[in-house]
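Reader: Could you take me through one part of this model at close range, with an eye on how its charged side chains pair up? I would enjoy a connected account.

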Amino acid sequence: MTTIERLARWAAEMAPAGVPPSVRIRARLQQLHLAGTVAAVNDEAFAQIEDPAARTAALCGAVEMDDELLGGRVGVGAVPAAWASARPNHALREIDTAIVAANEVAGRVGAATMLGPNLPDRSPLTVSVAAAIASGRLMGLSAAVLAHAVALAISHVPAPAPRTRASAGQVAAMLDAQMVRHGLLAARMASRGARGDLDLLDVDDGPLQAHAWLPLRAAFTGLGKAWLTETIAYKLMPGPLPVQMPVQAVGEILKRHVKAADKRLRVDQVARIEVRTGALGCAFARHRSRPSRSIYELIGILVDAHELGPQMLSAQHLSERREQIAHIAERVEVVHDGARGWRMFEQLAEVAAPLFADVPGDALRQALMRMHGHLGVSVLRDRGWLAILKSRPDRIWERIRSAEPDLSKARLEEFQFRLDTEVKLFTTRGGSWPERRAVPEGSPGWSWEDTIARILARCEEGPALLDASPNRPAAEWLEALLKVSRTD
């Protein structure tokens with residue numbers, strides 16, 4: 001079998017009873033989270049999209065409040081496609097299972113292209129493949145037909161291209177919408193006899209090479225044993241995960257200031273804000289694009305309003321508070337800290353060494369150096385070399401060399417998005433407020449109880465929808481859920 005055939009067979013034949021409860025609840029939360037996000041977004045342009053699945057993807061992409069797992073952004077493809085493909089005879093368990101299957105297969109495609117020019121974003125391949133798997137599974141496609149759906153979904157996905165500075169957010173959201181449509185169309189075409197190239201993930205000049213400097217083929221192992229869904233992070237505020245880290249740190253400082261002074265910190269009391277973060281965070285700081293991915297503007301919005309939600313990215317709010325937001329944004333300084341960036345790879349090599357086990361060490365080192373060059377930073381500067389020495393890189397490489405290229409041997413339950421960030425807020429009175437963060441809120445390592453509570457708080461009837469019986473008719477459950485997001 002080709003890689004695509006193996007992935008498709010597993011996705012088509014996976015039984016709902018074989019999905020661990022911890023995985024199933026995360027798939028259910030993906031749906032509540034995206035529904036709550038859509039309900040809160042005020043983007044008139046994307047709200048006009050007629051296709052419900054594409055509209056949902058675009059609205060979530062516009063504020064980047066979707067979800068992400070080890071293999072990238074999958075929910076923005078899986079969830080809208082599952083909703084669009086649900087039929088009256090489906091039970092809720094079938095919706096949940098289709099999303100899990102999409103997470104696992106598309107997540108593996110994303111993990112295989114982790115080291116590539118899509119950074120600091122993730123590959124659009126994941127959105128297209130997730131949509132095709134979720135839709136094809138609910139359509140009841142056989143393993144053979146679903147394989148062709150995946151092949152078609154992979155075909156013609158645009159190769160990575162530089163983002164335009166002024167419209168990076170809009171471009172990303174439009175691409176999400178297009179990729180969801182592409183995946184849905186791939187499933188429908190395959191069901192009517194269309195055929196794709198089933199060896200696309202195996203040839204030496206295929207999509208993997210176009211989307212990765214060094215394809216990590218071990219990502220395609222461990223199906224049914226290693227659950228990428230366990231590594232999911234729910235974005236509880238706007239922005240990519242590396243951008244959220246300093247913003248969340250500032251949010252904690254603002255809360256502490258209220259407790260200490262019994263009043264809010266005012267915009268005019270902020271002298272400057274210093275952010276020390278790794279390569280991924282600095283990549284978003286190289287230019288100021290759409291507010292949803294700008295460390296500067298998101299911090300400005302938060303300090304001005306002492307809250308940050310999708311509604312605060314509306315054109316009206318940004319216009320009304322332009323001066324106050326700019327006052328803070330101009331006082332934010334982002335500094336690359338190589339030591340913090342290295343910890344992400346160190347942690348990944350610790351818990352997921354099998355992912356890198358079948359690639360030559362020199363090729364991996366070169367890919368990592370190329371990644372930092374692509375992101376515009378140097379791992380050997382800014383204290384990075386000292387962090388590498390302290391972490392005993394020889395032990396890391398030995399761990400990778402001795403690992404089996406089988407993802408089922410990884411300890412994914414220990415995975416975290418280690419995006420270490422330190423923030424210092426200096427006031428005009430000469431004081432300073434420090435805060436350090438290791439992982440984003442809503443991600444592995446953060447309080448699971450807090451994550452659930454914050455997702456349910458944004459979704460009407462959230463607890464009942466989360467705890468609904470797997471046997472409940474999907475149409476009835478989706479009707480109650482989609483009233484929240486106003487998505488047909």
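Author: Gladly, and one definition will help from the start: a residue is called buried under 20% relative accessible area, exposed over 50%, and partly exposed in between. Please keep in mind that this is a predicted model.

Let us begin with helix 6, residues 92-112, and its neighbor helix 7, residues 124-139. Their axes come within 8 Å and cross at roughly 150°, and the crossing is right-handed. On the side of helix 6, the contact is formed by Glu94, Ile95, Thr97, Ala98, Ala101, Ala102, Val105, Ala106, Val109 and Gly110. Helix 7 contributes Leu125, Thr126, Val129, Ala130, Ile133, Ala134, Arg137 and Leu138. Sorted by class, this contact between helix 6 and helix 7 holds 13 nonpolar, three polar and two charged residues.

Helix 6 also carries a charged pair of its own. Side chains of opposite charge can pair when their charged atoms come close. Here arginine 108 makes a salt bridge with glutamate 104, with 2.9 Å between the closest N and O atoms. The two residues sit four apart within helix 6, about one turn of the helix. Are these partners buried or exposed? Arginine 108 has a relative accessible area of 0% and glutamate 104 has 1%, so both count as buried, being under the 20% cut-off.

For a contrast in setting, look at glutamate 333 and arginine 272, whose side chains meet in a salt bridge at 4.0 Å, N to O. This pair links distant parts of the chain, 61 residues apart: glutamate 333 belongs to strand 4 (residues 332-336) and arginine 272 to strand 3 (residues 270-277). Glutamate 333 has a relative accessible area of 41%, and arginine 272 has 35%. Both values fall between 20% and 50%, which is why the two residues are classed as partly exposed.

A further pair brings us back to buried residues. Arginine 437 forms a salt bridge with glutamate 441, their closest N and O atoms lying 3.0 Å apart, and both of these residues are buried. Salt bridges with shared partners join them into one network with Glu252, Arg256, Glu435, Asp450 and Arg454.

To place these pairs in the wider picture, a search of the whole structure finds 31 salt bridges. Among them are the buried pair of arginine 108 and glutamate 104 in helix 6 and the pair of glutamate 333 and arginine 272 that links strand 4 with strand 3.

Conventions:
Residues numbered from 1 in each chain as written. Predicted model: local features only at pLDDT ≥ 70, side-chain atom pairs only at ≥ 80, totals over all residues. Heavy atoms only, no water. Axes fitted to C-alpha atoms, helices over the stretch in contact; angles between N-to-C directions. Left-handed = near helix turned anticlockwise from the far one by under 90°. Contact = heavy atoms within 4.5 Å. Nonpolar A, V, L, I, M, F, W, Y, C, P; charged D, E, K, R; others polar. Buried < 20%, exposed > 50% of the residue type's maximum accessible area, 1.4 Å probe, protein only.
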